[in-house]
Amino acid sequence: MSDSKLREDMCRYGRSLFERGLTPGSSGNISIRLDDGGWLVTPTNASMGFLDPARLARLDRNGRLLSGDPPTKEIPLHSALYDTRSSAQAIVHLHSTHAVAVTMLPEIDPRVVLPPMTPYGLMRAGQTALIPYYRPGDPAVADAIRGLAGRYSSVLLANHGPVVAATTLEGAVFATEELEETAKLYLLLRGMNPRYLTPAQVADLVATFGLDLPHPNHTHDHDHGHCHGSEN
């Protein structure tokens with residue numbers, strides 16, 4: 001895909017996410033890993049709804065700015081996911097309301113944040129880990145993500161927002177949207193003892209779609225209902 005098409009896609013998806021209220025103000029950022037090992041990255045303090053293709057930051061494989069505006073200060077978290085998840089070619093980080101809200105709940109298991117609620121929640125975002133709170137741009141967040149050893153394609157930063165990697169930008173956007181919708185469902189149903197997907201139903205999804213879930217045989221309880229991990 002050409003450089004100009006990648007730039008246009010980043011701006012188009014950024015505008016879509018912004019216009020639907022998934023990342024307000026100048027929050028959120030997107031990156032794409034290029035064939036030469038460098039990146040295209042959204043600039044710092046830029047609204048995702050008003051990105052300029054020509055002003056996107058172009059970095060070399062060492063993170064040096066080659067052209068465009070200075071990149072987002074969240075470069076450490078993008079770098080950590082790329083370094084530990086070799087299949088990742090695009091990353092989306094948002095401040096989406098429901099996903100952020102879930103990170104503040106006391107019952108959340110940091111190894112499996114959300115129960116298996118819908119097929120596409122698992123198929124797009126997989127299981128999701130919770131990273132403890134770090135101030136935005138803190139390089140220490142990279143160590144926390146590297147500690148997950150690439151097992152997760154989606155993580156939630158406590159009191160901050162989701163970070164999702166995929167093999168394409170479209171895939172990363174879709175997975176982030178599914179993660180937000182799953183978080184919204186969890187909050188809507190909290191305290192109502194909902195029926196989650198059973199272990200057998202999750203196992204069927206894993207077998208049918210080749211899902212790579214990081215915690216086979218893992219089971220954890222929420223305060224309201226039970227969450228059963230999948231078998232890989």
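**Figure 1. The surroundings of Leu205, a buried residue.** At 9% relative accessibility, Leu205 counts as buried, a class defined by under 20% relative accessible area, with exposed meaning over 50% and partly exposed anything in between (1.4 Å probe, protein chains only). The model is predicted, so that local features need pLDDT of at least 70 and side-chain atom pairs count only at pLDDT 80 or more, whereas totals for chains, interfaces and linings use all residues. Residues are numbered from 1 along each chain as its sequence is written, and side-chain values use heavy atoms, with hydrogens and water left out. Leu205 belongs to helix 7 (residues 199-209); helices (H or I, at least four residues) and strands (E, at least two) are DSSP runs numbered from the N terminus. Beyond its neighbours within four places in sequence, Leu205 is in contact with Pro119, Leu122, Met123, Leu197, Gly210 and Leu211, where contact means heavy atoms within 4.5 Å. Tyr120 is 85 residues away from Leu205 along the chain, and the C-alpha atoms of the two are separated by 9.6 Å.

**Figure 2. The largest pocket and its lining.** This pocket, with a volume of about 440 Å³, is lined by 24 residues, of which Arg85, Met123, Arg124, Ser153 and Ala165 lie nearest its centre. Two or more lining residues come from each of helix 4 (119-125), strand 8 (161-166) and helix 6 (169-189), and helix 4 gives the most, with 4 residues. On a 1 Å grid over the protein atoms alone, a pocket is an open set of points with protein on both sides within 12 Å along at least five of seven lines, a cavity is a set where a 1.4 Å probe fits but cannot get out, and lining residues have an atom within 4 Å of a point. Grid points are joined across faces, edges and corners, and a volume is the space filled by probe spheres set on the points. By class, the lining divides into 13 nonpolar, 7 polar and 4 charged residues, with Ala, Val, Leu, Ile, Met, Phe, Trp, Tyr, Cys and Pro counted as nonpolar, Asp, Glu, Lys and Arg as charged, and the others, Gly among them, as polar.

**Figure 3. Helix 1 and the second largest pocket.** The second largest pocket holds about 340 Å³ of space, and of the 15 residues that line it, Met1, Leu6, Ile32, Arg33 and Leu169 lie nearest its centre. Helix 1 (3-19), strand 1 (29-33) and helix 6 each give two or more residues to this lining, the most, 4 residues, coming from helix 1. The buried residues of helix 1 are Leu6, Arg7, Asp9, Met10, Cys11, Tyr13, Gly14 and Leu17, and what covers them includes strand 1, strand 2, strand 3, strand 4 (65-67), strand 5 and helix 6. After helix 1 comes Gly21, whose phi is positive, near 75°.

**Figure 4. The largest nonpolar core, with Val163 among its members.** A nonpolar core is a set of buried Ala, Val, Leu, Ile, Met, Phe, Trp, Tyr and Cys residues joined through side-chain atoms within 4.5 Å. The largest has 23 residues, and Ile131, Ile145, Val155 and Val163 touch the most other members. Its largest share, 5 residues, comes from helix 2. Leaving aside neighbours within four places in sequence, Val163 is in contact with Leu77, Leu81, Ile91, Val92, His93, Ser153, Ser154, Val155 and Leu157. A second, separate core of 21 residues includes Leu6, Tyr13, Ile30 and Leu94.

**Figure 5. The second largest cavity.** The whole structure contains 2 cavities of 30 Å³ or more, and the second largest has a volume of about 60 Å³. Among the 13 residues that line the second largest cavity, Tyr134, Arg135, Val141, Leu157 and His160 lie nearest its centre. The classes in this lining are 8 nonpolar, 2 polar and 3 charged residues.

**Figure 6. Three loop residues: Ser96, Asn159 and Asn193.** Ser96, in the loop between strand 5 (90-93) and helix 3 (97-103), counts as buried at 1% relative accessibility; outside its neighbours within four places in sequence, Ser96 is in contact with Leu22, Pro162 and Glu180. Asn159 lies in the loop between strand 7 and strand 8 and, at 45% relative accessibility, counts as partly exposed. Asn193 lies in the loop between helix 6 and helix 7 and, at 59% relative accessibility, counts as exposed. Most residues other than glycine have a negative phi. The phi of Asn159, however, is positive, near 60°, and that of Asn193 is positive as well, near 55°.
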